[in-house]
Every structure is written in structure tokens, then in C-alpha cells.
Amino acid sequence: MNETTKPPYTLWQLILYLLRLGTFGFGGPVALIGYMHRDLVERRGWISESDYKEGLALAQIAPGPLAAQLGIYLGFVHFRLLGATVAGLAFVLPSFLMVVTLGWAYVAFGGLTWMESVFYGVGAAVIGIMTISAHKLASKNLGRDKLLWGIFLLLAATTIITQSEVAWLFIAAGVLVWVIRCKPKLGSSHLTAALATQFPTIALASASDANTLIQIALFFTKAGAFVFGSGLAIVPFLYAGIVTEHHWLTEKRFVDAVAVAMITPGPVVITTGFIGYLIGGLPGAVLAAVGTFVPCYLATVIAAPYFKKYGKLPALIAFVDGITAAAIGAIAGSVVVIAQRSIIDTPTALLALGTAALLWKFKKLPEPVIVIGAALIGLAVYPLLLSPTMQ
């Protein structure tokens, strides 16, 4: 990053851009970071290629949502702490307001047939989307590394068998890959430097409290600090905590929350605001969203000045590779777990298979198009299933 050259844009211009991206940026984290590169690097020249790549690398190795972290980093490049703060708010706020509105409508009208029909179709399509996403993540991140594939299979099997996410296995996976690849020596200064950015994650993972709102804040802070990978990587963690451990939502409502993540623009992880609303109303939505995004904000602004120095350490890269393989395995396992609840009949099975087939065949087919199609199918089919002549 260049600290002396005056940037060719103002902070307000960056804020307006991120507000628009957060409002109309569909397609999930991979698409969003692509839009940032196209608009800010290629077309406008606001951000240099090297700054963009450094921000992307930091976002990939730190916990939290990928696109939001990159947006925060790009705000930091020329406007430091103020830029990072307002860039993050501008990117997240539009989709947060949308999911809160959806949460209100869900609570107020959740019993209406049309809304149940929409989630009937979208919930099944989400299984197909998650399946293809897990395949893409595995192909992109694991390559032909047998160790990473072993971790992937272990975490997938563990998630399916236990019906939950075993958190300590993520850390163990990172440590295993680091030990095997780097063969560290005790007392190495590189070891301390490499793991320094991970310590807050471990500390936050042990937090707990009895009050519901405080529990919400702590749980989602732990989710934001603990989950590596982008987009749907947070799903297994949320499922284990929200459905299995705390029983805040039923399995059906959780699948609906994942569906909301698919039909709203901006970061996929913003669905935590929707979940927070269902659990604790508007205060719950605010606490869940703040808890999810504050850890990645802090990780980015604290690590950014030092990233050039430590970001390419082999020990840190190996540790994150292990955690990433574990996260992808957990996502694959969660597809099976969630499918057992949302694939309830022949139409939902066909919808899930059809979604996966379409995304497999047409690589550039936008996911929102799939979601809208599934919603329309749900509106057409679900009322027929409720008809007395069909029972």
C-alpha cells in the first residue's frame, strides 16, 4: 500500500461504491471480490493490483467473511482506520437492512401459504447450491494434496455422524498441516509470529453467558472469529450452535435462513442478522450482525500494517490450509445433514438434483436466477400438496 501518494478518489466515492455493491451485488463472495477487482482495479484504477492481491490474501488466511474483509482492507489502503470502518459499514449495511426486513416479514407472515411455498422450493434448491459450492471449494483449495483430502474426508464424516461441527478438529487440522509441512522447532520465533493472529479465535471460542442476548452476542462473535473460509463455510458452525446446541431455531427455520442468504445481495454471512432477528428481534439481529463482523474487522485493521512482513510465512500458510480443508469437509458433511431435513418428498429431491445439475452444466448461471426459479416452483407445487385431494 502506498502511504504518500494522494488517492485518485475520495472516501465518499468509495462509500457510495460499496453501498451500491452491498445493495445489488448478488452471487456470493467469489462474485463480490470479482466485482471489486473489475470496478476498483481494472476500470477505475483506484486500487493497485498489488494492494488488491495483498488484501485478498489477508482475507483468505484470516477468519471471517471473505468479501467483507476485502472491502475493509481496500478502505484501509488509502484512508486507514476511518476508511476501513466506513467501508465495512457501507458494504454490510444494505444487506443487513434487507435481512431484518425479511426477518420481520417471516415472523409476521411466516404462517402464510405463499411464504411457506417459497421456502419449500428455495430450501430444496439450497441443497443443490451447497453441493456444487462444496465441490468448487474442494477442487480449488485442496488440489491433489492427499493430506488435505484426508482432513476433508475426516471432517465430512465427523459432521455427518455427530450431526454437528467438532470445533477443536479445525484447530487440530491447522496444527497437523503446519507440523507436517514445516517441521517446526520449539521456541521458534516464526511459530509465535505465525500463530499470533489465531490466538483471539481460540480465546473467543470459550466464551459463554446465560442471558439470551448476551449468548447471541457471544455465539455470533465466536462464529465471526472462528470460521475460516467464505460464504457457506459458516453454515455448519451455525447449524451446530443454533439448532443442535442452543435450540434457538428448528431445522426447518434454519434451512429457511440459509435460503435467505441465497436470495439477498451482499455478503452471504449477513444471514446471521436474519437468524438473530428470529431469535431476539431487532436487538438480536443487531447483536448477531455486529458479533459476526467485528472480529474480521479487527483482524483486518490490526493485521493490515504487518501483513507484508508476515503474510507469506510458510508456517502460517500451512496452518490456514489445514483449517480450510477442515472447513470444506464440514460444509460437505453439513450438506448431508441439512438435506436429511429439507428433502422431504419427491418434488424437493428433484429440485435439489435439478439445481445441482444446472449449476454443474452452466458454470456462469447466477445463483439468484436458480433461487427465483425454485421459489416460483415452490409457489406452484406446495399448494397442490396441501390440497385435500392430494392427501
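The following exchange asks how several descriptions of this predicted model are justified.

User: What makes up the secondary structure of the protein, and how much of the protein counts as buried?

Analyst: The protein has 16 helices and zero strands. Of its 391 residues, 53% count as buried. Among contacts with a separation of 6 or more, 74% join residues 24 or more positions apart.

User: Why is α5 called oblique to α15?

Analyst: The axes of helix α5 (residues 113–142) and helix α15 (residues 346–361) cross at roughly 40° and come within 8 Å. Angles under 35 degrees count as roughly parallel, and 65 to 115 as roughly perpendicular. An angle of roughly 40° belongs to neither class, and therefore α5 is oblique to α15. The crossing of these two helices, α5 and α15, is right-handed.

User: Which residues form the contact of α5 with α15, and what is their character?

Analyst: On the α5 side are Y120, G121, A124, A125, I127, G128, I129, I132 and H135. They meet P347, T348, L351, A352, T355, A356, L359 and W360 in α15. The residues of this contact divide into 12 nonpolar, five polar and no charged.

User: What makes α5 roughly antiparallel to α6?

Analyst: The axes of α5 and helix α6 (residues 146–162) cross at roughly 150° and come within 10 Å. The class of roughly antiparallel takes angles over 145 degrees, so α5 is roughly antiparallel to α6. In this crossing, α5 passes α6 in a right-handed manner. A138, N141 and L142 of α5 make the contact with L148, W149 and F152 of α6. The residues of the contact of α5 with α6 divide into five nonpolar, one polar and no charged.

User: How do you know whether L153 is buried or exposed?

Analyst: L153, which lies in helix α6, has a relative accessibility of 53%. The term exposed requires a value over 50%, so L153 counts as exposed. The C-alpha atoms of L153 and G333 are separated by 8.8 Å, although these residues are 180 residues apart along the chain.

User: Why is T300 assigned to its accessibility class, and which residues does T300 touch?

Analyst: T300 lies in helix α13 (residues 271–310). Its relative accessibility is 3%, and buried means under 20%; T300 therefore counts as buried. Not counting residues up to four places away in sequence, T300 touches L58, Q69, I72 and Y73.

User: In helix α4, how do you know whether G71 and T101 are buried, partly exposed or exposed?

Analyst: Both G71 and T101 are placed in helix α4, which covers residues 66–109. G71 has a relative accessible area of 1%, and the limit for buried is under 20%, so G71 is buried. T101 has a relative accessible area of 47%. Because this value is neither under 20% nor over 50%, T101 is partly exposed.

User: What lies around G71 and T101?

Analyst: Leaving aside neighbours within four places in sequence, G71 is in contact with M36 and A87. The C-alpha atoms of G71 and A90, 19 residues apart along the chain, are separated by 9.3 Å. For T101 and Y277, 176 residues apart along the chain, the C-alpha separation is 9.4 Å.

User: What makes the phi values of R80 and H247 worth noting?

Analyst: Most residues other than glycine have a negative phi. R80, a residue other than glycine, has a positive phi near 50°. H247 is not a glycine either, and its phi is positive at about 55°.

User: Where do R80 and H247 lie, and why do their accessibility classes follow?

Analyst: R80 is found in helix α4. Its relative accessible area of 26% lies between the limits of 20% and 50%, so R80 is partly exposed. H247 is placed in the loop between α11 (235–245) and α12 (251–263). At 59% relative accessibility, H247 is over the 50% limit and therefore counts as exposed.

User: How many disulfides does the protein have, and how are C182 and C296 classed by accessibility?

Analyst: A disulfide requires a pair of cysteine sulfur atoms within 2.5 Å, and by this rule the count comes to zero disulfides. C182 has 27% relative accessibility, between 20% and 50%, and so counts as partly exposed. C296 has 0% relative accessibility, under the 20% limit, and therefore counts as buried.

How values were computed:
Residues numbered from 1 in each chain as written. Predicted model: local features only at pLDDT ≥ 70, side-chain atom pairs only at ≥ 80, totals over all residues. Heavy atoms only, no water. Buried < 20%, exposed > 50% of the residue type's maximum accessible area, 1.4 Å probe, protein only. Axes fitted to C-alpha atoms, helices over the stretch in contact; angles between N-to-C directions. Helix = DSSP H or I, 4+ residues; strand = E, 2+ residues; numbered from the N terminus. Left-handed = near helix turned anticlockwise from the far one by under 90°. Contact = heavy atoms within 4.5 Å. Nonpolar A, V, L, I, M, F, W, Y, C, P; charged D, E, K, R; others polar.
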